[in-house]
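Here are my notes on this entry, point by point. Please read them with the structure open.

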Amino acid sequence: MWRRVASLSSSISSSFLAQTASRLNTWESLTTGIAQQAKGVIAPKEKTPFITFVLGGPGSGKGTQCIKIVETFGFAHLSAGDLLRREIASKSADGAMILNTIKEGKIVPSQVTVKLIQKEMELSDNHKFLIDGFPRTEENRVSFEQIIGVEPNVVLFFDCPEEEMVKRVLNRNEGRVDDNLETIKKRLTVFQALSLPVINYYSEKGKLYTIKAIGTEDEIFEQVRPIFAAFEKRPSL
Ligand SMILES: Nc1ncnc2c1ncn2[C@@H]1O[C@H](COP(=O)(O)OP(=O)(O)O)[C@@H](O)[C@H]1O
Ligand SMILES: O=c1ccn([C@@H]2O[C@H](COP(=O)(O)OP(=O)(O)O)[C@@H](O)[C@H]2O)c(=O)[nH]1
Ligand SMILES: [Mg+2]
């Protein structure tokens with residue numbers, strides 16, 4: 001519970017802790033639990049987070065495959081889109097802006113999305129995260145790195161033909177304001193222009209795993225499974 005660590009840390013006035021925390025980046029200061037250990041409240045050091053970004057166009061099957069990854073490998077699933085829709089439903093200050101942005105198929109300002117993701121990560125007891133549908137732009141990516149202070153271990157790209165994505169989204173039937181032909185066209189343009197550069201960035205970094213996202217859900221998962229199975233053998237996961 002990284003949020004609890006953070007709040008305890010702020011209540012400790014020792015200059016050693018203050019100096020140490022300021023030298024650490026945000027993530028480290030949240031995760032090391034220095035403050036708690038100094039007080040003897042806890043506790044073992046938290047595990048290093050293992051972060052997977054799940055990318056792909058609208059309807060490529062990100063959410064569907066995330067459910068299977070959670071079931072098989074025990075990750076926490078953080079869907080950026082779901083977090084934003086929750087903000088709309090809760091009528092928060094940003095709700096109206098988020099709704100308009102989603103209707104237009106555009107991208108919500110990075111700070112808003114990263115803050116929501118950060119909150120969920122802090123609240124989670126898990127150290128393995130699937131971040132679904134984020135980052136969608138280079139600006140999103142940089143903002144995550146700056147605010148959270150870590151990079152993903154793995155980036156999955158569900159590569160699906162546009163025609164198939166459109167068909168799936170129009171049949172999704174979840175009552176979403178953006179599941180209509182007009183918005184899908186805009187989202188596909190945004191995906192090509194803003195999201196593909198992020199995918200290329202991770203490809204160049206050697207972190208990208210491309211999945212051919214056509215076939216049955218189970219067939220697609222058989223491409224995903226070995227990726228995490230290999231990481232499970234390593235001490236980092
Ligand atoms: N392999 C598949 N074949 C056919 N339909 C699929 C497949 N995977 C997912 N779907 C369906 O397509 C729609 C979009 O899938 P979803 O997981 O929501 O995609 P995304 O999160 O990438 O937008 C959903 O209705 C889902 O049930
Ligand atoms: O990091 C994100 C994730 C989502 N969205 C907005 O939320 C919409 C729906 O995203 P979601 O991931 O739920 O869609 P999916 O790709 O799963 O269909 C996107 O089109 C964007 O308008 C955003 O602005 N930033
Ligand atoms: Mg989705």
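**Two ligand shells and a helix pair**

1. Start with ligand 2. Its shell splits into 7 nonpolar, 8 polar and 5 charged residues. Note that the model is a predicted one.

2. In total, 20 residues surround ligand 2. The closest are A80, G81, V108, G133 and F134. Three helices give two or more residues each to this shell: α5, α6 (80-89) and α7 (95-103). The largest share comes from α6, with 3 residues.

3. Now ligand 1. Here 14 residues form the surroundings, and G61, K62, G63, T64 and R168 are the closest. By class, the shell holds 2 nonpolar, 8 polar and 4 charged residues.

4. Which helices each supply at least two residues of the shell around ligand 1? They are α5 (62-73) and α12 (217-232). The top contributor is α5, which gives 3 residues. Helix α5 also gives two or more residues to the shell around ligand 2.

5. Look next at how α5 and α12 pack. Their axes come within 10 Å and cross at roughly 45°. An angle from 35 to 65 degrees is neither roughly parallel nor roughly perpendicular, so the two helices are oblique to each other. The crossing is right-handed.

6. The contact residues are worth checking by eye. From α5 they are T64, Q65, K68, I69, T72 and F73. From α12 they are E217, I220, F221, V224, R225, F228 and E232. By class, this contact has 6 nonpolar, 3 polar and 4 charged residues. T64 of α5 is part of the contact and is also one of the closest residues to ligand 1.

Methods
Residues are numbered from 1 along each chain as its sequence is written. Chains are lettered from A and ligands numbered from 1 in the order in which they are written. This is a predicted model: local features need pLDDT of at least 70, side-chain atom pairs count only at pLDDT 80 or more; totals for chains, interfaces and linings use all residues. A residue is near a molecule or strand if its C-beta atom, placed from the backbone, lies within 6 Å of it. Helices (H or I, at least four residues) and strands (E, at least two) are DSSP runs, numbered from the N terminus. Ala, Val, Leu, Ile, Met, Phe, Trp, Tyr, Cys and Pro count as nonpolar, Asp, Glu, Lys and Arg as charged, and the others, Gly among them, as polar. Axes are lines fitted to C-alpha atoms, for helices over the stretch in contact, and angles run from 0 to 180 degrees between N-to-C directions. Angles under 35 degrees count as roughly parallel, over 145 as roughly antiparallel, 65 to 115 as roughly perpendicular and the rest as oblique. A crossing is left-handed if the near helix is turned anticlockwise from the far one by less than a right angle, and right-handed if clockwise. Two residues are in contact if their C-beta atoms, placed from the backbone, lie within 7 Å.
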